[in-house]
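Trainee: Pick one part of this model and give me a close look at it. I'd like to know what surrounds it and how it ties into everything else.

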Amino acid sequence: MPVSGCPHGSIHVFNCDLHCHSTCSDGLLSADDLVRRAAANGVDMLALTDHDDLDGLPSAQAMAEELGMAFVNGVEISIEWEALQIHILGFAFDSADPVLNDGLATIRSGRIERARRMSAALEKVGIAGAFEGAMRYAANPSLVSRAHFGRYLVESGVCKDLRSVFESYLVPGRPGYVDHRWATLADAVRWILGAGGIAAVAHPGRYKLSRTEMRRFLGDFKALGGQAIEVMSGSHTQEHVEVFGRLAREYDFLASRGSDFHGPGESHVDLGKLAPLPEGLKPVWQWF
């Protein structure tokens, strides 16, 4: 069931967190513990959006139903647009859809090989054992990611926190960054829509796009059938909220709200603790 515990089209849900991660991708909490934390924080509707993987959805949905909280199937798909990695959220889709599942499996394949190449690149600048260190943090080895490498580099004292790890080692142009073949924007939107879901741009404020490039990207996204944009995000500043709120109105996008919670002490914002959406936007959850 794509959405459980909430009547279709409900406008009464007010604390929705539609972006978070469990140990099935790069989060620190199991799907069950993540749902418990969300419920304790007053979340009315939760979407689990692990990277390129749906394995956590059944247990998360079962726990949400046990706790009386509405739950939405979610995923965060890694794509490449004009050589830039961008993330597309999918909501309220059929998690058994074979085309979506096959597409996600294609993205996951090759992550371990990429991790080995990242480790080799880090070893060249004097950081040994990064592959083994990252794999200790990866509960799902097929989804080993930069976040797992980041946690190892913090643990080993190379950097003080994840932000400084990424800035120094794990973004394009830095010694630990390695390219990977992701899905295309057209792939991701097609998979989500084909499974009956809604496609949204995740944390658009994080991408290094000029105003012109952002408008071109949003135009491409809308032309392919994309319906929503994440206005409220744990990584957005107030300026981002204002900018992407205006763009949501201009492009007639539904507006989403999600903490992008990965774990206690590591995320900018806890589950359910974001400010409400700005007035005048159309909340995406009204279309579930």
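Mentor: A bit of vocabulary first: Ala, Val, Leu, Ile, Met, Phe, Trp, Tyr, Cys and Pro count as nonpolar, Asp, Glu, Lys and Arg as charged, and the others, Gly among them, as polar. By those classes, the lining of the second largest pocket (an open set of points on a 1 Å grid over the protein atoms alone, where a 1.4 Å probe fits, with protein on both sides within 12 Å along at least five of seven lines; lining residues have an atom within 4 Å of a point) comes out as seven nonpolar, three polar and four charged residues. We'll return to that pocket at the end.

Keep in mind that this is a predicted model, where local features need pLDDT of at least 70 and side-chain atom pairs count only at pLDDT 80 or more, while totals for chains, interfaces and linings use all residues. Residues are numbered from 1 along each chain as its sequence is written, and side-chain values use heavy atoms, leaving out hydrogens and water.

My pick is strand β5, residues 84–91 (strands are DSSP runs of E, at least two residues, and helices runs of H or I, at least four, numbered from the N terminus). Seven of its eight residues are buried (under 20% relative accessible area with a 1.4 Å probe, protein chains only), so the rest of the structure largely encloses β5.

Look at its partners next; two strands pair if DSSP finds at least two bridges between them. On one side, β5 runs antiparallel to β4 (residues 70–81), and eight bridges join them. Within that pairing, H87 of β5 sits opposite S78. The β4–β5 hairpin leaves two residues between the strands, and E82 takes a positive phi near 50 degrees there. β5 also pairs with β7 (residues 198–201), again in the antiparallel sense, over four bridges. F91 has I198 in β7 as its bridge partner.

The sheet carries on from there: β7 pairs with β8 in the parallel sense over two bridges, with A200 standing opposite A228 in β8. β8 is mostly covered too, as six of its six residues are buried. Follow the chain out of β8 and you hit G234, in the loop before α10 (238–251). G234 is buried, at 11% relative accessible area. Its C-alpha lies 5.2 Å from that of V269, although the two are 35 residues apart along the chain. Skipping residues up to four places away in sequence, G234 is in contact (heavy atoms within 4.5 Å) with G258, S259, H268, V269 and L274.

Now back to β5 and what its side chains do. I88 and F91, along with I77, F217 and F288, touch the most other members of the largest nonpolar core, which has 76 residues (such a core is a set of buried Ala, Val, Leu, Ile, Met, Phe, Trp, Tyr and Cys residues joined through side-chain atoms within 4.5 Å). β4 gives this core its largest share, seven residues. Apart from it lies another core of 17 residues, including A138, Y152, L153 and Y169. As for I88, its contacts beyond four places in sequence include V75, I77 and I79, then L185 and I192, A199 and V201, and F217 and F221.

β5 has a helical neighbour as well: it is among the elements that cover the buried residues of α6, together with α4 (111–123), α5 (130–137) and α7 (162–170). Eight of the 10 residues of α6 (146–155) are buried, so this helix is largely enclosed as well. The buried stretch takes in R146, A147, H148, F149, G150, R151, Y152 and L153. Just after α6, G157 has a positive phi of about 85 degrees. C159 follows in the loop between α6 and α7 and is buried at 12% relative accessible area. Not counting residues up to four places away, C159 touches L153, V154, S164, V165 and Y169.

Finally, the pockets. β5 is one of the elements that each supply at least two residues to the lining of the largest pocket, alongside β4, α4, α6 and α7. That pocket has a volume of about 1600 Å³ (the space filled by probe spheres set on the grid points, which are joined across faces, edges and corners). Of its 47 lining residues, R146, F166, V171, H203 and R206 lie nearest the centre, and the lining splits into 13 nonpolar, 18 polar and 16 charged residues. The second largest pocket holds about 350 Å³; R211, M214, V243, F244 and L247 are the closest to its centre among 14 lining residues. There, α10 provides the largest share of the lining, six residues.

Technical notes:
Buried < 20%, exposed > 50% of the residue type's maximum accessible area, 1.4 Å probe, protein only.
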